[in-house]
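Q: I am new to this structure and would love a close look at a single part, the sheet. Could you walk me through how it is put together and what lies around it?

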Amino acid sequence: MTDWFLYLSVRILGFFIRLIPLRFAMWLGRRLGDAGYLVRKDRRLVALDNLKSAFGESGDEELYRIIRKVFQNLGMSFIEVLRFPKMDAKYIRRHIRLEGLNRIDEALKGNRGVILLTGHFGNWELSGFTISAAGYKAKVLAREQKLVRLNSLLDSYRELNGCKVIPKKRAIREIIKGLNKNEIVGILADQDGGRNGVFVNFFGRMASTPEGAIAFALKTGCVVLPTFIIREDGARHTLRVEQPLHITRTGDYEMDVKTNLQAWTDILESYIRRYPEQWLWIHKRWKTQPEN
């Protein structure tokens with residue numbers, strides 16, 4: 001019942017959101033974020049604890065300002081996803097500046113596939129959508145939501161430009177298959193990896209990190225390109241593809257995974273330090289700690 005209600009609510013909301021002017025829609029997104037900021041005290045406190053751990057005692061007023069911006073970014077991102085059916089190539093050209101796509105072209109020449117490695121940064125849902133709109137054959141790994149109909153609706157939006165969603169339950173097989181076909185696979189690797197994760201230094205604290213993307217790179221020889229989409233102003237973004245991650249291969253698998261994950265995490269941290277209001281601080285990133 002809840003699934004049906006939310007599914008219909010999102011469908012109806014999306015219909016009206018696509019009718020109103022973009023500027024007004026973004027304003028509504030920020031107000032939606034403000035509402036989330038006020039209502040979700042639990043997530044505000046998680047974010048505050050995370051920010052204090054990362055930046056020290058910068059003053060609660062400044063940290064709460066960042067947290068509010070985080071919620072506003074999430075609100076605008078939600079509105080943008082609802083507007084996916086209206087986003088054509090002209091919209092992409094007007095609102096999203098693309099930097100470093102030549103690095104994807106160069107990587108594909110190796111014929112071993114490409115992983116676009118990113119995190120919950122900016123409007124990350126726009127990344128795969130934009131890459132596909134630019135003419136690349138891409139797939140994205142997505143965590144399946146518990147609400148089946150709502151999850152199917154979100155996946156249908158993600159796939160509007162030709163991007164294919166890889167459900168997590170079939171991830172390993174589908175990712176290796178895609179890389180072997182020299183395809184592009186988008187993977188997010190910035191949330192708590194649990195007890196199966198690899199601990200690396202993140203803002204001065206050990207953080208359990210999923211090893212998947214690096215494991216695929218070591219196994220297949222694919223190129224890993226750190227990629228970030230940065231919200232510049234309202235609906236305007238920059239999608240930036242960075243230099244290929246240098247994949248260290250010494251023959252010691254565990255050490256290689258840790259070394260390469262640390263290199264990725266350092267890049268992620270550098271972006272978060274530059275744009276702290278665009279990362280998902282409300283997630284319990286340091287939830288899992290080393291046993292010792």
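A: Here is a walk through the sheet, followed by its surroundings and the protein as a whole.

This is a predicted model, in which local features need pLDDT of at least 70 and side-chain atom pairs count only at pLDDT 80 or more, while totals for chains, interfaces and linings use all residues. Residues are numbered from 1 along each chain as its sequence is written, and side-chain values use heavy atoms, with hydrogens and water left out.

Let's start with the sheet itself. Seven strands make up an open sheet, and their order is 1-9-8-2-5-3-4, with mixed pairing. Strands here are DSSP runs of E with at least two residues, helices are runs of H or I with at least four residues, and both are numbered from the N terminus. Two strands pair if DSSP finds at least two bridges between them. Strand 1 (96-99) and strand 4 (164-167) are at the edges with a single partner strand each, so one side of each has no neighbour in the sheet. From one strand to the next, the twist averages 25 degrees.

In general, the strands of a sheet pair through backbone hydrogen bonds, either parallel or antiparallel. Strand 8 (residues 223-233) and strand 9 (residues 236-241) pair in the antiparallel sense, over six bridges. On this pair, F228 stands opposite R240 in strand 9.

Next, what lies across the sheet? Helix 11 (residues 253-274) lies across strand 2 (114-118), strand 8 and strand 9, and runs at about 5 degrees to strand 8. Such angles run from 0 to 180 degrees between N-to-C directions, with axes fitted as lines to C-alpha atoms, for helices over the stretch in contact. Contact means heavy atoms within 4.5 Å.

Now for the loops on either side of strand 2. N111 is placed in the loop between helix 6 (101-108) and strand 2. Its phi is near 60 degrees, a positive value in a residue other than glycine. Most residues other than glycine have a negative phi. N111 is exposed, with a relative accessible area of 55%; buried means under 20% relative accessible area, exposed over 50%, and partly exposed in between (1.4 Å probe, protein chains only).

H120 sits in the loop between strand 2 and helix 7 (125-133). This residue is buried, at 14% relative accessible area. Leaving aside neighbours within four places in sequence, H120 is in contact with L188, D190, Q191, Q278, W279 and L280.

Another loop, between strand 6 (198-202) and strand 7 (205-209), holds F203. F203 has a positive phi of about 55 degrees although it is not a glycine, and at 5% relative accessibility F203 counts as buried.

Finally, let's step back to the protein around these parts. The secondary structure comes to 11 helices and nine strands. Buried residues make up 52% of the 292 residues. The C-alpha atoms fill a box of roughly 55 × 45 × 40 Å, taken along the principal axes. Among contacts between residues at least 6 apart in sequence, 78% join residues at least 24 apart.
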